[in-house]
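Trainee: I've got the model open and I'd like to talk through its ligand sites. Can we take them one at a time?

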Amino acid sequence: MRIDLHTHSTASDGTQSPAQVVAAAREAGLDVVALTDHDTTAGWAEAAQAAVELGVALVRGTEVSARAQGTSIHLLSYLQDPEHPALAEELGRVRDARVGRARQMVERIGRDLPVTWDDVLEQVGGDVVVGRPHIADALVARGLVVDRDEAFARLLHSDGRYHVPHYAPDGATAVRAIRAAGGVPVFAHPGADARGRIVPDAVFDELAAAGLAGVEVHHRDHSPRQVERLTAIARRLGLLVTGSSDYHGAGKVNRLGENLTDPAALAAIEEMGTTEVLRP
Ligand code: AMP
Ligand code: ZN
Ligand code: FE
Ligand code: FE
């Protein structure tokens, strides 16, 4: 069984539609794929239809933005009730905050470089969660950088002068909201120290006490040292271990299936979740 539990579509900052992500999952030989766009469930319906048509099993989820000790963290929520207000209202707040934040960042960059909010709007379709990758795409379209990677390295990284943070709930609050909505919370890439600040072990204890179910241990952005650390933390706290690609289509080098999750971990997630895993 090839199970990849973390992907993005054009509902957030991936470059393929939800149906295209499911089709790509099938081409990559995956048996199960999770669609986990940032702070939204807008891609679920299209992905579900494609999963049924193409015979791929689908885990519906969301990558929830949160914060712990002043550091931005991501929590994967699997199989939640998308209508439950505890989580849906929190996600709405984050999406709204993302728009103002992106506008502020573009305004700051626009003082030095020829880029405007209209350029960014050209990069985002209708019901899309705006993120820094869309600003990157506007900079690429303007010929100011060659790709998203260069945009992040030079202009968009979180320690840079153009960066503006956005509202996100506290990690424990987000974990409780995911659980209240019948979802299964898994800490996404918590050891990605080359991409920015990561949180200390104590945060895992705090999140576990709030109801965290698992840790995404196997991820491209984790060094062997971090994999070892996270494996030990998961064992100590009795948390599930997952592995995923964090696929963004052409937006990142991450390839579907490059990291996988054990069937036993998926079975445990399915057992705890409210929404069913769609199976062919
Ligand atoms: P935001 O959610 O607006 O804070 O933007 C962060 C998102 O940008 C993350 O979810 C990543 O998927 C993406 N990202 C971060 N660094 C890079 C990079 N170097 N190239 C492409 N995408 C990136
Ligand atoms: Zn992303
Ligand atoms: Fe993430
Ligand atoms: Fe992600």
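Trainee: Let's start with the shell around ligand 1: how do its residues divide into nonpolar, polar and charged?

Mentor: Keep in mind that this is a predicted model. Around ligand 1 there are 15 residues, and Arg98, Arg101, Arg132, Asp149 and Arg195 come nearest. By class, the shell splits into two nonpolar, five polar and eight charged.

Trainee: Which helix gives the most residues to that shell?

Mentor: The space ligand 1 takes up is the largest pocket. Elements giving two or more residues to its shell are helix H3 (85-110), helix H5 (132-141) and helix H6 (148-156). With three residues, the top contributor is H6.

Trainee: And how much of ligand 1's accessible area does the protein cover?

Mentor: Look at the polar contacts to its oxygen atoms, counted within 3.5 Å. A polar side-chain atom of Arg98 sits 2.9 Å from one oxygen atom, and a side-chain N or O atom of Arg101 is 2.8 Å from an oxygen atom. His248 also has a side-chain N or O atom 2.9 Å from an oxygen atom of the ligand. On its own, ligand 1 has 500 Å² of accessible area, and the share the protein covers is 90%.

Trainee: Now the metals. How many residues apart are Glu63 and His189?

Mentor: The iron ion (ligand 3) is coordinated by Glu63 (OE), His74 (ND1) and His189 (NE2), at 2.1 to 2.2 Å. Along the chain, these donors follow the spacing E-x10-H-x114-H. Glu63 is in strand S3 (residues 57-68), while His189 is in the loop between strand S5 (184-188) and helix H8 (201-210), so the pair links distant parts of the chain, with a separation of 126 residues.

Trainee: What distance separates the iron ion from the zinc ion?

Mentor: Take the iron ion as ligand 3 and the zinc ion as ligand 2. The two are separated by 5.5 Å.

Terms used. Residues are numbered from 1 along each chain as its sequence is written. Chains are lettered from A and ligands numbered from 1 in the order in which they are written. This is a predicted model: local features need pLDDT of at least 70, side-chain atom pairs count only at pLDDT 80 or more; totals for chains, interfaces and linings use all residues. Side-chain values use heavy atoms; hydrogens and water are left out. A residue is near a molecule or strand if one of its heavy atoms lies within 4 Å of it. A polar contact is a pair of N or O atoms within 3.5 Å; within protein, one must be able to donate a hydrogen and the other to accept it, and residues adjacent in sequence count only if both atoms are side-chain atoms. Accessible areas come from the Shrake-Rupley method with a 1.4 Å probe; for residues, only the protein chains shown count as cover. On a 1 Å grid over the protein atoms alone, a cavity is a set of points where a 1.4 Å probe fits but cannot get out, and a pocket is an open set with protein on both sides within 12 Å along at least five of seven lines; lining residues have an atom within 4 Å of a point. A molecule sits in a cavity or pocket if more than half of its atoms lie within 2 Å of its grid points. Helices (H or I, at least four residues) and strands (E, at least two) are DSSP runs, numbered from the N terminus. Ala, Val, Leu, Ile, Met, Phe, Trp, Tyr, Cys and Pro count as nonpolar, Asp, Glu, Lys and Arg as charged, and the others, Gly among them, as polar. Donors are N, O and S atoms within 2.8 Å of the metal (3.2 Å for Na, K and Ca); water is not among the atoms, so sites may look incomplete.
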